Amino acid sequence: VWAIGTGKVATPSQAQIAHVAVRRTLEEVYGAAAARNVRIQYGGSVTPDSIESLMEMPDVDGALVGGASLVPDSFTRIVDGGLVSNVPQRVRPQEFVA
């Protein structure tokens, strides 16, 4: 969820708000169980500097990495930064947080 290819990174708060909106829509259309079980990925510009704070958001379940995946060092740092074990007490999206 975001504007892929713009080079602009959403703030963690902006990403969380967008993901909550998607999750609430899923709940309205498909029910609470579906909304909880669907994994919603952030699809904006992901950088080694932004990945950890994005992954700390409870409704951001992953990231779609674009151009940064073409640079091995950058991609490795993004993968390392996105590992759940690197993010303190990752909350699964069982409740919607806005």
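Q: Which residues of H4 are buried?
A: Keep in mind that this is a predicted model. Buried here means under 20% relative accessible area. In H4, the residues that count as buried are Ser74, Ile78 and Gly81.

Q: Within what arc do the buried residues of H4 fall, seen down the helix axis?
A: An α-helix has 3.6 residues a turn, so residues three or four places apart point the same way. The buried residues of H4 are Ser74, Ile78 and Gly81. They line one face of the helix, because down the axis of H4 they fall within an arc of 70 degrees.

Q: Which exposed residues sit on the face of H4 turned away from its buried side?
A: Let's flip to the other side of the helix. The buried side of H4 has helix H3 (51-55) as part of its cover. On the face turned away from that side, the exposed residues are Pro72 and Asp73.

Q: Is leucine 83 buried, partly exposed or exposed?
A: Leucine 83 lies in the segment after helix H4 (72-82). Its relative accessible area is 40%. Buried needs under 20% and exposed needs over 50%, so leucine 83 comes out as partly exposed.

Q: What is the accessible area of the nonpolar surface patch that includes Leu83?
A: Leu83 shares this patch with Phe75 and Val79. Taken together, the patch residues have an accessible area of about 220 Å².

Q: What pattern of helices and strands does the protein chain follow along the sequence?
A: The chain holds four helices and two strands. Read along the sequence, they give the pattern α-α-β-α-β-α.

Conventions: Residues are numbered from 1 along each chain as its sequence is written. This is a predicted model: local features need pLDDT of at least 70, side-chain atom pairs count only at pLDDT 80 or more; totals for chains, interfaces and linings use all residues. Side-chain values use heavy atoms; hydrogens and water are left out. Patches are made of residues with over 30% relative accessible area and no salt bridge: like charges are joined within 9 Å, nonpolar side chains (Val, Leu, Ile, Met, Phe, Trp, Tyr) within 5 Å. Accessible areas come from the Shrake-Rupley method with a 1.4 Å probe; for residues, only the protein chains shown count as cover. A salt bridge is a side-chain nitrogen of Lys or Arg within 4 Å of a carboxyl oxygen of Asp or Glu. Buried means under 20% relative accessible area, exposed over 50%, partly exposed in between (1.4 Å probe, protein chains only). The arc is that of the directions from the helix axis to the C-beta atoms. Contact means heavy atoms within 4.5 Å.
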